[in-house]
Amino acid sequence: MEKGEEKYSGSGPSEPVQDNVDYNLHHDRLSRYPLVSKLLHWGVEYRGIHPVPIEERIDTQFNKIFFIWLSGNTNILSFSTGTLGPVAFGLGLRDSCLVILFFNMLCAVPPAYLSTFGPKLGLRQMCFSRYTFGYYGVMVPSLLALMGGCGFCILNCILGGQALSSVSNGSLSWTVGIVIIGVTSLLISFCGLKVLSWYERLSWFPVLIVFLVAIGVGGKHFVNPPPAEPATAAAIFTFGSVMAGFTITWSTFSSDYTAYFHPSVSPWRIFIYSYLGLILPIVSLQCLGAAAAISAPFVPDWNDGYADGNVGGLVAAMLHPVHGFGKFLTVLLSLSVTANNAPTIYSMCLGFQTFIPPLVIVPRYVFSILATAIVIPLAIVGQHKFYSTLSNFLGIIGYWAAAYVTALILEHLVIRRGDFSSYDLRHWNVPSKLPLGVAGLGAGIISFALVVPSMDQVWYVGPIAKTTGDLGFEFAAAVTALLYIPFRILEKRRWGY
């Protein structure tokens with residue numbers, strides 16, 4: 001046992017023995033079919049949201065979670081999100097980078113913290129959320145998480161398709177590129193967590209090389225002109241809400257990737273791995289994106305590649321000086337989005353089962369096909385509205401995610417006093433033994449009374465936001481924090497759970 005690990009005695013939350021029997025029966029029954037049997041023989045993961053029993057939580061390669069977060073964010077989507085600072089909000093390089101740094105330092109804490117719950121409980125994130133939002137109530141955040149995951153996959157497919165098209169000088173359309181990215185992501189997510197972890201351990205390195213080469217050959221063109229107008233509080237907070245939407249929404253998937261870890265692992269170790277895996281790529285690539293977007297108007301080749309918000313074209317133009325090798329690097333960069341899509345689709349598989357509980361008997365990998373079938377057509381339809389889609393999407397999903405995370409953490413730290421044994425795993429699938437969810441849903445919904453007037457979106461600017469900028473993320477968290485504890489106490493007194 002390494003220094004800092006906890007000695008584990010095997011005691012903890014009660015194991016859902018009967019559900020494990022039911023899971024094994026479903027598994028054995030379906031494995032009689034030749035195709036299913038072959039997939040299982042190849043190592044394709046079957047398990048969905050059924051809790052991972054203690055005897056199967058044996059993975060001690062804890063640094064896997066660092067690489068999942070690292071590779072999941074070392075891609076062109078992180079780069080493109082950074083470009084929004086100067087392009088969409090008129091911020092200079094210094095102000096863009098400061099917003100990127102401080103908002104991400106804050107918003108990376110919840111997903112890193114929630115990653116520590118997987119080894120202790122063996123529960124996937126949305127299944128664990130039943131202990132706060134209830135069996136039926138969790139369908140709301142499950143649906144929102146599915147929509148958020150779908151949105152991220154759409155953005156990734158568009159970016160990857162743009163980059164592939166740029167390499168071919170337009171002979172390969174964005175549509176074909178989108179299909180290539182979508183199918184590649186499907187293959188990785190379909191196989192399950194073992195293949196996903198292996199892929200994420202490796203995929204970040206080629207992308208790092210791509211960006212280092214881009215900086216090496218294009219660094220001389222970076223400039224830092226003063227912004228046309230001084231930064232305003234409104235622009236800073238609105239850009240900050242975009243940063244929150246990008247990072248904090250990983251919280252809806254956090255424990256999905258740690259549920260097979262041995263429960264003896266120190267929570268601090270998982271937290272640090274997760275936090276660094278999030279912060280290092282997100283902050284560095286978003287700042288690079290801001291620098292490139294500010295410099296593009298001063299470099300004709302970059303400006304041409306960046307026409308119509310084509311981020312893939314911008315990166316391809318940055319790599320143009322290395323000619324054929326630059327095209328090869330651009331292909332690698334386009335494929336980098338699969339490292340974000342694959343874990344997202346993996347978690348969407350689990351989200352389908354919490355949103356529609358009877359689907360728990362369906363093998364997990366079936367939903368990889370379903371998710372991809374939804375993502376590819378939507379990406380094709382929205383491919384020419386990337387920037388407006390990106391800024392609006394990231395701003396909106398940050399609101400509900402802030403309320404969701406606040407309720408979840410308060411339930412654990414205040415109501416359950418940080419005691420993992422208070423989560424009775426025998427009841428993970430028993431509606432009458434779980435909270436009703438009135439407190440979590442009620443606090444979150446009421447928070448939108450302040451969120452809506454604080455929103456700053458292209459299609460709506462609330463009266464508060466007109467003066468302050470977008471404070472919806474902050475108000476969602478603050479109001480939920482004020483209301484959840486008294487609501488939850490009343491809920492327990494009324495219904496007992």
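In helix H11, the residues that are buried are Trp174, Gly177, Ile178, Ile181, Gly182, Ser185, Leu186, Ile188, Ser189 and Phe190. The model in which they are found is a predicted one, and every value given here was computed from it. Helix H11 itself covers residues 174-191, and its 18 residues reach 27 Å from the first C-alpha to the last, which is close to the 26 Å expected at 1.5 Å a residue. After H11 comes Gly192, a residue whose phi is positive, near 110°.

A second helix can be examined in the same way. Helix H18 takes in residues 338-355, and its 18 residues should span 26 Å at 1.5 Å a residue; the C-alpha atoms at its ends are 25 Å apart, which agrees with that expectation. H18 is mostly covered, in that 17 of its 18 residues are buried.

Helix H18 also leads to the internal spaces of the model, for it supplies at least two residues of the lining of the largest cavity and at least two of the lining of the second largest cavity. A search of the whole structure finds 2 cavities of 30 Å³ or more. The largest cavity has a volume of about 120 Å³, and of the 15 residues that line it, Gly148, Phe152, Thr249, Trp250 and Phe253 are the closest to its centre. Besides H18, helix H10 (139-167) and helix H20 (386-415) each supply at least two residues of this lining, and H10 gives the most, with 5 residues. Sorted by class, the lining of the largest cavity holds 8 nonpolar and 7 polar residues, with no charged ones.

The second largest cavity contains about 60 Å³ of space. It is lined by 13 residues, of which Met126, Asp256, Ser347, Leu350 and Gly351 are the closest to its centre. Helix H8 (125-128) supplies at least two residues of this lining, as does H18, and H18 gives the most to it, with 4 residues. Here the lining divides into 6 nonpolar, 5 polar and 2 charged residues.

The aromatic side chains offer another route through the structure, in which a search of the whole finds 26 aromatic pairs. In one of them, the rings of Trp268 and Phe271 have their centres 5.8 Å apart and their planes at 80°, so the pair is edge-to-face, a label that applies to planes over 60 degrees apart. Both residues belong to helix H14 (residues 267-295), and because Trp268 and Phe271 are 3 residues apart in this helix, about one helical turn separates them. Their surroundings can be described as well: Trp268 counts as exposed, because its relative accessibility is 63%, whereas Phe271 is buried, with a relative accessible area of 16%.

Another pair has a different kind of label, since the rings of Phe420 and Tyr423 have their centres 6.4 Å apart and their planes at 35°, so this pair is tilted. Phe420 and Tyr423 are both buried. These two residues also take part in one aromatic cluster, which they form with Tyr113, Phe117, Phe128 and Tyr131. Tyr423 has a further neighbour in Arg416, which lies over the face of Tyr423 at 4.4 Å from the ring centre.

Methods: Residues numbered from 1 in each chain as written. Predicted model: local features only at pLDDT ≥ 70, side-chain atom pairs only at ≥ 80, totals over all residues. Heavy atoms only, no water. 1 Å grid on protein atoms, 1.4 Å probe; cavity = no way out; pocket = protein on both sides within 12 Å on 5 of 7 lines; lining within 4 Å. Points joined across faces, edges and corners; volume = space filled by probe spheres on them. Nonpolar A, V, L, I, M, F, W, Y, C, P; charged D, E, K, R; others polar. Phe/Tyr/Trp six-rings, centres within 6.5 Å; stacked < 30°, edge-to-face > 60°. Buried < 20%, exposed > 50% of the residue type's maximum accessible area, 1.4 Å probe, protein only. Lys NZ or Arg CZ within 6 Å of the ring centre and 35° of its normal. Expected span 1.5 Å × (residues − 1).
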